[in-house]
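The following paragraphs lead the reader through one protein structure, with attention to aromatic rings and their surroundings.

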Amino acid sequence: MCPQLTPSEKSLCVKKGGEDRPCAGYAPSIWSYGYIQSLNSNHHPDDASDDIKMKELFEAATNQMTSHDKGGAYQLGKIELIDHVLKLGLGRYFETAVSIGLDNLCRRQRSVHENDLYTTALHFRLLRQNGREASQDMFRCHMDQNGRFKTSLCKDIKGLLALYEASYLACDGEETLAEAREFSALHLKNHLSRNLTGKEDSLAVQISYALELPSHRRLQRLEARRYIEEKQYATKNGKHLALIELARLNYNMVQRVLQSDLQDMSRLLARIRLNRAFTMILRWWEETGLARQLSFARDRLVECFFWAAGLVPEPESRQCRKELTKLAVLVTIIDDVYDVYGTLDELELFTQAVQRWDLNSVRDLPYCMNLCFLALHKTINQMADSIFKEKGVNVVPHLARAWADLCNAFLVEAKWSHEKHIPSFDDYQKTGVVSSSGPMLFLHAYCLSQPISKNTLESFQDDLADIIHSSSMIFRLSNDLVTSRAELARGKSANSVVCYMKDTDASEASATAHMRHLINKSWLKMNCVKSNKSLATKSFAEIFMNLGRICQCVYQYGDAHSAPDTRLKSRIMSLLINPIRPLRD
């Protein structure tokens, strides 16, 4: 049984002119190039004065950190300060102090029986969150003889919230943390239902926010902004004011870098008196001509940059972020070629051209598909050329193979649609993980951001197969949950929900619940990512987590990539455009 389409959903499947081409009816971009180009330093305070102020604040904040290190016992205040620094997005500034603090926490795991629930949960979360070993047995002191959490904890709302957040750092198979999640969620929901007074206190707001989506699965840069703004208003008596102001200026500084990278994509920006580096990414977009020529496809440049900034938000990762933006744009358009525009014969020829990586293979294709391949070929070859110059490794065969695998997965799905075939759920998963584009993105990110060699490239997929699969599965299923009906309206026959319904005779609601269960299972597997010794650096390990986070962000309320809504626009504005104002504003 397949989900029933509404008349409005069926109306999306229309034909274009005499070519008999389907049209998905995608809305145009909500971002004008003129607006993006108009962004300039007037949106932010003077860079030079900010730099001076940040140095002064750093010294004051360092003194705060040092003062907490004095004394014998490793008290709660020290643990909370580490958490405070990390939540403010300042870990990079205090890396040594934070690392020493976490090492001290590691040594104190055996003494957690002395702690209350809040302190134990915070202790555990900080260790797991930062790649340190932390046993779920830390919570045994808060459980009864039957292995259940003590009923006396039900009224410790602050502790329950900390336990709930900590439980989302669980790995697959950790039953104590699974119990912690169920126990804390139940009693937090009960607390909210008992306190519906119309006026929510700050703790109730935090509970509602966490129950909707825990912090671990949210976009960390936006989480930092939320925390900074919350602390701006909540801080009293000058406590940690230097840290909070440093965090505000740091957030705005990183935002300027991201904003500059976005502006780098416009050729028209050369007319504006800005840094010369501002002209590359939108210039590339304009030069490809894709937005003008491919009217059937989604024009989502800014949204694609948002994806890239979610994957690699670090200010020093500018080149990787720009290249990932290009990849996201190309994936979006080529996906639409397979889903919306191409006939099956044309798609087979296009796939063969990508497999051969041969410009002569697309001569018999429609102009727009020819243009797509030329843009893909040129972009990847230029990217590979830059990597070769920097690292001395020819990555063209590896990158081209990744695109061939992606296009072949797109073709398999197109054939299913053409034949009105609904594959088994297992067969769909195997293809869907690849068609999510996750494996392709990870390979490119690895080549762009890590030291590479011929041997490491050859073993990349095998060494990281489980992690790549888990992260890509989150991508695939998150997308399917919100695109299923629209894709059925466009003629696609297969997605995870439909295939599972066919295999198990489940209802749509049951199938949807199962997809959410699989997403959670993938997150549990992903949580082991930072202990994988094959990962070159902590920042690269974080890319796998960040793909899951940006997926949850973009698809939280619907398909905001295909149909950007006010929520996504607000998040983009918060990350890229609107600075955090000082409290006096």
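Tyr428 counts as buried because its relative accessibility is 3%, below the 20% limit that the term requires. This model is predicted, and the values given here are computed from it. The ring partner of Tyr428 is Trp416, which also counts as buried, at 10% relative accessibility. The two ring centres lie 6.2 Å apart and the planes meet at 40 degrees, so the pair is tilted. It joins distant parts of the chain: Trp416 belongs to helix α18 (residues 396–419) and Tyr428 to helix α19 (residues 425–435), twelve residues apart.

A search of the whole structure finds 19 aromatic pairs. Another of them is formed by Phe58 and Tyr93, a tilted pair with 6.4 Å from centre to centre and 50 degrees between the planes. Here too distant parts of the chain are linked, for Phe58 lies in helix α3 (residues 47–68) and Tyr93 in the loop between α4 (76–87) and α5 (95–107), 35 residues apart. Are these two rings buried or exposed? Phe58 has 32% relative accessibility and therefore counts as partly exposed; Tyr93, at 27%, likewise counts as partly exposed. Ring pairs also build a cluster, which links Tyr338, Phe350, Trp357, Phe373 and Phe410.

Two members of this cluster lead on to the nonpolar interior. Phe350 is, with Phe306 and Trp403, among the residues that have the most contacts inside the largest nonpolar core, a set of 179 residues. Helix α15 (residues 318–341) provides the largest share of this core, 13 residues. Trp357 is one of the residues touched by Trp403. Leaving aside residues up to four places away in sequence, Trp403 also touches Leu327, Leu330, Val331, Ile334, Val354, Leu376, Ile380, Met440 and His444.

Aromatic rings take part in a further kind of arrangement, with charged side chains. The charged end of Arg298 sits over the ring of Tyr26, 5.1 Å from the ring centre. In the case of Trp31, the charged end of Lys569 sits over the ring, 5.8 Å from its centre.

These details belong to a chain with 26 helices and two strands. Of its 585 residues, 56% count as buried. Among contacts between residues at least 6 apart in sequence, 71% join residues at least 24 apart. The chain exposes about 26,300 Å², of which carbon and sulfur atoms supply 49%.

Note on methods. Residues numbered from 1 in each chain as written. Predicted model: local features only at pLDDT ≥ 70, side-chain atom pairs only at ≥ 80, totals over all residues. Heavy atoms only, no water. Core = buried A, V, L, I, M, F, W, Y, C linked by side-chain atoms within 4.5 Å. Buried < 20%, exposed > 50% of the residue type's maximum accessible area, 1.4 Å probe, protein only. Helix = DSSP H or I, 4+ residues; strand = E, 2+ residues; numbered from the N terminus. Contact = heavy atoms within 4.5 Å. Phe/Tyr/Trp six-rings, centres within 6.5 Å; stacked < 30°, edge-to-face > 60°. Lys NZ or Arg CZ within 6 Å of the ring centre and 35° of its normal. Areas by Shrake-Rupley, 256 points an atom, 1.4 Å probe, with all protein chains shown as cover.
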